[in-house]
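Q: I have just opened this entry and would like a short tour. Could we go through it together?

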Amino acid sequence: MIRMENVQKAFGSNQVLRGMSLEIPKGSSLVIIGGSGTGKSVALKCILGLIQPDAGRILVDGQDATSGDRDAFLARFGMLFQGGALFDSLPVWQNVAFRLLRGSLKRPMDEAREIAIDKLRRVGLKPAVADLFPAELSGGMQKRVGLARAIAAEPEIIFFDEPTTGLDPIMSGVINDLIREIVVEMGATAMTITHDMTSVRAIADNVAMLHDGVIKWTGPVAQMDDSGDPYLDQFIHGRAQGPIEAVR
Amino acid sequence: MNPLVVLERLGGAVLRALALVGRLTIFAARTFSHFLRPPFYPREFAQALLSIGWLSLPVVGLTAIFTGGALALQIYSGGARFNAEAVVPQIVAIGMVRELGPVLVGLMIAARVTSSIAAEIATMKVTEQIDALVTLSTNPMKYLVAPRVLAALVTVPLLVGVGDIIGIGGGYVVAVKNLGFNSAAYLQNTVDFLEMRDVISSLVKGAVFGVIAATMGCFYGMQSGRGAQGVGRATKDSVEAAAILILAANFVLTGVFFSI
């Protein structure tokens with residue numbers, strides 16, 4: 001279980017998180033929605049320790065995320081970055097098997113390559129892609145490779161940062177289905193950040209709406225449409241009028 | 001303008017400069033500490049050796065050969081004003097080995113290697129590849145910075161040595177082919193005149209300049225701001241800082257080696 005307790009983070013005078021509290025039960029899939037610049041990515045990076053929160057606590061299975069063995073902590077996570085964040089200098093299979101080629105999870109190179117090709121197959125890519133470089137792939141393929149890398153070491157917790165941004169609707173559907181299948185198959189705890197309401201309905205067990213640095217609403221995805229929360233209603237229906245100010 | 005405002009701006013600039021020096025010092029100290037602490041990344045080190053050392057040889061060789069040739073011509077024409085044309089081999093040797101070899105190689109490395117490291121790391125930062133490294137349990141300081149700085153420490157002295165030899169070779173070719181010097185006598189004068197201290201100073205300067213060039217590239221790359229503008233600024237700042245620090249370090253090292 002992941003628990004955020006009153007997490008606060010500011011960048012200079014810009015207070016991004018103003019006391020965010022959230023709970024993600026083990027094995028469930030939570031999607032955080034919210035407008036651009038509301039601090040969704042910052043929240044995710046705080047959990048991973050990429051950004052240090054100014055105040056509050058983050059607990060993973062009851063253990064403080066900021067203390068203890070960082071390598072062991074991070075080994076439990078997989079992450080799909082918004083732009084893929086694939087390493088340009090490495091071929092696709094070495095990107096996927098990055099964690100298996102070094103550090104505590106190191107395997108022999110042949111075995112790591114086999115696992116990489118297997119994971120690529122799992123996300124619908126042919127083995128021939130393994131020896132290409134990231135720059136030779138389309139946006140959708142890069143997302144799939146990123147997804148394969150996120151699941152390569154069989155993590156317990158997987159984060160997805162805007163998994164469908166920049167993709168066409170059909171490829172978005174493919175990625176959503178893959179994420180859902182993989183999370184269910186692996187029994188992983190998943191946390192996704194997105195603006196894409198189709199993704200929310202395809203991926204989420206639970207939804208949390210982040211606005212103005214705090215969670216405005218959280219609940220099961222089935223209750224999202226009848227929440228009665230004006231912020232959530234405005235967001236999911238994409239209305240310009242409502243309590244969330246839209247800059248025109 | 002209000003003198004207090006001027007003073008405030010001046011103070012702000014000084015504080016920012018001091019903060020930069022502090023950050024840079026901590027960055028360099030952390031980099032050196034990773035030379036000794038595992039895990040090590042031999043493949044990344046080998047790639048850095050190839051890219052900083054081997055692939056810099058053409059530009060270093062061409063710079064050195066033309067500089068050595070031009071130096072021979074200048075010394076000959078300048079020396080002729082007081083009948084001292086014969087000093088060409090000695091002055092070319094001392095000029096290349098003590099000063100021009102290390103400084104020109106250092107500046108060429110700043111142009112070629114510092115810019116490339118800064119642009120690569122800054123792009124990695126902007127595209128979240130650095131964050132991805134961290135989430136994959138890999139310390140970017142160990143994986144990206146330490147191998148590059150160590151490779152520069154090892155290869156740039158060798159490049160300086162090669163540059164010195166090629167530069168002296170350029171002077172030799174011009175002196176023998178164009179200025180009528182005797183080949184054997186030119187080489188003998190060169191070898192006789194150089195001291196071990198000259199060669200050691202040249203190689204030490206190379207090591208220091210290599211560390212400066214690679215560290216500046218890594219530091220500014222890791223500090224890069226967002227977007228294409230951030231990458232461009234990081235690259236420009238890294239080359240400027242490397243070039244200035246190399247020239248300043250050259251002055252200090254020349255003082256250390258030759259004023260005692």
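A: The answers below cover the contact between the chains, then each chain in turn. Please note that this is a predicted model.

Q: How many residues does each chain bring to the contact?

A: Chain A contributes 23 residues, and chain B contributes 16 residues.

Q: And how much area do chain A and chain B bury between them?

A: The two chains bury about 1700 Å² between them. Carbon and sulfur atoms account for 57% of that area.

Q: Why quote an area at all?

A: The accessible area lost when the parts come together is often given as the size of an interface.

Q: What about charges: how many salt bridges are there between chain A and chain B?

A: The count is three salt bridges between chain A and chain B. One of them joins the side chains of Lys45(A) and Glu128(B), with an N to O distance of 3.0 Å.

Q: Which helices of chain A each supply at least two residues of the side that touches chain B?

A: They are helix H1, residues 40-48, and helix H2, residues 70-74. The largest share comes from H2(A), which gives three residues.

Q: What classes of residue make up that side of chain A?

A: The side of chain A that touches chain B has twelve nonpolar residues, eight charged residues and three polar residues.

Q: Are there polar contacts too, and how many residue pairs do they involve?

A: Between chain A and chain B, five residue pairs are in polar contact, counting pairs with both residues at pLDDT 80 or more.

Q: Changing topic: what is the strand order in the six-stranded sheet of chain A?

A: The order is S6-S7-S8-S3-S9-S10, in an open sheet with mixed pairing.

Q: Which strands stand at the edges?

A: Strand S6 (77-80) and strand S10 (214-220) of chain A do. Each has a single partner strand, so one side of each has no neighbour in the sheet. From one strand to the next, the twist averages 15°.

Q: Do S3 and S9 of chain A pair in the parallel or antiparallel sense?

A: Strand S3 (residues 29-33) and strand S9 (residues 206-211) of chain A pair in the parallel sense, over four bridges. Within this sheet, Ile33(A) has Met209(A) in S9(A) as its bridge partner.

Q: Now chain B: how many helices and strands does it have?

A: Chain B has nine helices and zero strands. Along the sequence, its pattern reads α-α-α-α-α-α-α-α-α.

Q: What box do its C-alpha atoms fill?

A: Taken along the principal axes, the C-alpha atoms of chain B fill a box of roughly 65 × 55 × 35 Å.

Key: Residues numbered from 1 in each chain as written. Chains lettered and ligands numbered in written order. Predicted model: local features only at pLDDT ≥ 70, side-chain atom pairs only at ≥ 80, totals over all residues. Heavy atoms only, no water. Contact = heavy atoms within 4.5 Å. Buried area = accessible area lost by both parts, 1.4 Å probe. Salt bridge = Lys/Arg side-chain N within 4 Å of Asp/Glu carboxyl O. Polar contact = N/O pair within 3.5 Å; in protein donor to acceptor, adjacent residues only side chain to side chain. Nonpolar A, V, L, I, M, F, W, Y, C, P; charged D, E, K, R; others polar. Pairing = 2+ DSSP bridges. Axes fitted to C-alpha atoms, helices over the stretch in contact; angles between N-to-C directions.
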